[in-house]
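Okay, everyone, thanks for coming. I'll put the sequence and the structure up on the screen, and then we'll walk through it together.

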Amino acid sequence: MLVDQRQTTRKIMRAKAMVVMDGMSPLPGRTLDISLTGLSLTLGNKLPIGQAGHVSFELFLDGKAQIITCRSNVSYCIFSGDDFKIGFQFVNLELSVLTTITKFLR
């Protein structure tokens, strides 16, 4: 039986994303949900757990789209349908990004 190990509240967020893992070409994806500590998204490619890189995504706040870029590590990668569902844990978020995500989660 799978146990949800999330320790923070997540909010559904459907938006375009771009994943650029260290040493790899950019990969387009779609976000699924977000929290203060990370997000999940779908990609057409499998990524190894622990892989580091940057995740950029659109976050709509106060009716405006903002592009957010976060240094992140892959925390899980699960094949789901035609794509992979991948969880990312944020690393050393900038205060401005943390503030923006906090506002979005309210």
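How many bridges join strand 6 to strand 7, and do they run parallel or antiparallel? There are 8 bridges, and the two strands run antiparallel. One thing up front: what you're looking at is a predicted model.

Let's stay with that pair for a moment. For a spot to look at, find Tyr76, which stands opposite Gly87 in strand 7. Then follow the chain round the hairpin of strand 6 and strand 7: there are 2 residues between the strands, and Gly81 takes a positive phi near 70°.

Now go one strand back. Strand 5, residues 52–61, is joined to strand 6, residues 64–80, by 10 bridges, and this pair is antiparallel too. Gly53 is the one to click on here, and you'll find Ser72 of strand 6 opposite. The hairpin of strand 5 and strand 6 also has 2 residues between the strands, and there Asp62 takes a positive phi near 55°. So for anyone who likes turns, we have a glycine at 70° in one hairpin and an aspartate at 55° in the other.

Next, the other neighbour of strand 7. Strand 7 covers residues 83–90, and 6 bridges join strand 4 to it, again antiparallel. Strand 4 in turn pairs with strand 3, residues 27–34, through 5 bridges, also antiparallel. Getting from strand 3 to strand 4 takes a hairpin of 3 residues.

Leu43 is a handy residue for seeing how these strands line up. On one side, Leu43 of strand 4 is the bridge partner of Gly29. On the other, Leu43 stands opposite Phe84 in strand 7. And how much of strand 4, residues 38–43, is covered? Mostly covered is the answer: 5 of its 6 residues are buried.

While we're in strand 7, have a look at Phe88, which has its place there. Phe88 counts as buried because its relative accessibility is just 1%. If you want a sense of scale, Phe88 and Thr8 are 80 residues apart in sequence, and their C-alpha atoms are 14 Å apart in space.

Okay, side chains. Which rings pair up, and how are they arranged? The structure holds 1 aromatic pair. It's Phe79 with Phe84: the centres are 5.2 Å apart and the planes sit at 65°, and since an angle over 60 degrees counts as edge-to-face, that's what we call this pair. What about cover for the two rings' residues, buried or exposed? Phe79 is exposed, because its relative accessibility is 53%, whereas Phe84 comes in at 16% and counts as buried.

There's one more ring to show you. The charged end of Lys11 sits over the ring of Phe104, 4.5 Å from its centre.

On to the salt bridges; the count comes to 2. In one of them, the side chains of Arg10 and Asp33 meet, with an N to O distance of 2.8 Å. Arg10 is in the segment before strand 1 and Asp33 is in strand 3, so this pair ties together parts that are 23 residues apart in sequence. In terms of cover, Arg10 is partly exposed at 25% relative accessibility, while Asp33 is buried, with a relative accessible area of 12%.

The other is Arg71 with Asp22, where the closest N and O atoms are 2.7 Å apart. Here we go from strand 6, where Arg71 lies, to the loop between strand 2 and strand 3, where Asp22 lies, so the parts being tied together are 49 residues apart in sequence. Both partners count as partly exposed: Arg71 has a relative accessibility of 28%, and Asp22 has 40%.

Last stop, the surface. Which residues make the nonpolar patch? Leu36, Leu95 and Leu98 do, and the patch comes to about 260 Å². Leu98 has its place in helix 1, residues 95–105. Is Leu98 buried, exposed or partly exposed? At 31% relative accessibility it counts as partly exposed, because that value falls between the 20% and 50% limits.

That's my tour. Happy to rotate the view if anyone wants another look.

How values were computed. Residues numbered from 1 in each chain as written. Heavy atoms only, no water. Patch = residues over 30% accessible without salt bridge, like charges linked within 9 Å, V, L, I, M, F, W, Y side chains within 5 Å. Areas by Shrake-Rupley, 256 points an atom, 1.4 Å probe, with all protein chains shown as cover. Salt bridge = Lys/Arg side-chain N within 4 Å of Asp/Glu carboxyl O. Helix = DSSP H or I, 4+ residues; strand = E, 2+ residues; numbered from the N terminus. Buried < 20%, exposed > 50% of the residue type's maximum accessible area, 1.4 Å probe, protein only. Phe/Tyr/Trp six-rings, centres within 6.5 Å; stacked < 30°, edge-to-face > 60°. Lys NZ or Arg CZ within 6 Å of the ring centre and 35° of its normal. Pairing = 2+ DSSP bridges.
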